Amino acid sequence: MEYEENALEFARGEAVDGEKYFEGILAAVVLVDADLRNSIVLDDTGAGLDEIMANIKSCLVNIETARASLALYTTKTWPLRSEFHDLTLKWLKSVEGLMTDYLTELAEPMSRPDSTWSQAELDFYETYIVAYDEYLKVDSDWVDYQYVFAAENGFEISGTIDVDSWNGSSETIK
């Protein structure tokens, strides 16, 4: 709930300093990340096509909301705001690419047992894995940079987020 509330405040333009800006970006990214992780859970648990497609839609809506929220802060002069903004947009684009270029096409096969996949579907899944590995590089850069941003803005980041404990879902923010 804390991340959903922080994302809503961020979307309303309520970040007043670098730390609140970070909290808003983090919240928006966590919601998108939860949807991305949920796509793996849905595949592993044999979810139906409708549920998989709803998750993809949720992720894409959360990405657009995050982009719109970021746009509210382009004139702010907090240290490294512009760099963090650009890196977050790159991260969002990477997740969006996974959703639109791969998972949308894989949704139907993912709704079936793996043993029913055609060779073409398996081959396409392999190209998704390569793209996912590229996403992991962008994700790693984003995770590392948050500490640089925090230090430049006079606050520390502590703790970790256990997104795996969220039952693999997030609510779409408006």
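Q: In which helix is A34 found?
A: This is a predicted model, in which local features need pLDDT of at least 70, side-chain atom pairs count only at pLDDT 80 or more, and totals for chains, interfaces and linings use all residues. Residues are numbered from 1 along each chain as its sequence is written, and side-chain values use heavy atoms, with hydrogens and water left out. Helices are DSSP runs (H or I, at least four residues), numbered from the N terminus. A34 lies within residues 18-44, which form helix α2.

Q: Is A34 buried or exposed?
A: Buried means under 20% relative accessible area, exposed over 50%, and partly exposed in between (1.4 Å probe, protein chains only). The relative accessibility of A34 is 4%, so A34 counts as buried.

Q: How many Å separate the C-alpha atoms of A34 and E156?
A: Along the chain, A34 and E156 are 122 residues apart. In space, their C-alpha atoms are separated by 23 Å.

Q: Is A120 buried or exposed?
A: A120 sits in helix α5, residues 119-152. Its relative accessible area is 56%, so A120 is exposed.

Q: How far apart in space are A120 and F22?
A: In sequence, A120 and F22 are 98 residues apart. From C-alpha to C-alpha, the distance is 42 Å.

Q: How many aromatic pairs are there?
A: Rings of Phe, Tyr and Trp (its six-membered ring) pair if their centres lie within 6.5 Å; planes under 30 degrees apart count as stacked, over 60 as edge-to-face and the rest as tilted. One pair is F10 with Y73, at 4.8 Å centre to centre and 5° between the planes, which is stacked. By this rule, the count of aromatic pairs is 19.

Q: Where in the chain are F10 and Y73?
A: Both F10 and Y73 are buried. Both also belong to one aromatic cluster, whose members include W78 and W142. The two are 63 residues apart, and their pair links distant parts of the chain. F10 is in helix α1 (residues 2-11), and Y73 is in the loop between α3 (49-71) and α4 (81-110).

Q: What is the phi of L80?
A: Most residues other than glycine have a negative phi. L80 is found in the loop between α3 and α4 and is partly exposed, at 23% relative accessible area. Its phi is positive, near 65°.

Q: Over which residues is the pLDDT below 50?
A: pLDDT is the predictor's confidence in each residue, from 0 to 100. The protein has a mean pLDDT of 92, and 91% of its residues reach 70 or more. Where pLDDT is low, the predicted coordinates should not be read in detail. The stretch with pLDDT below 50 is residues 166-174.

Definitions and conventions. Contact means heavy atoms within 4.5 Å.
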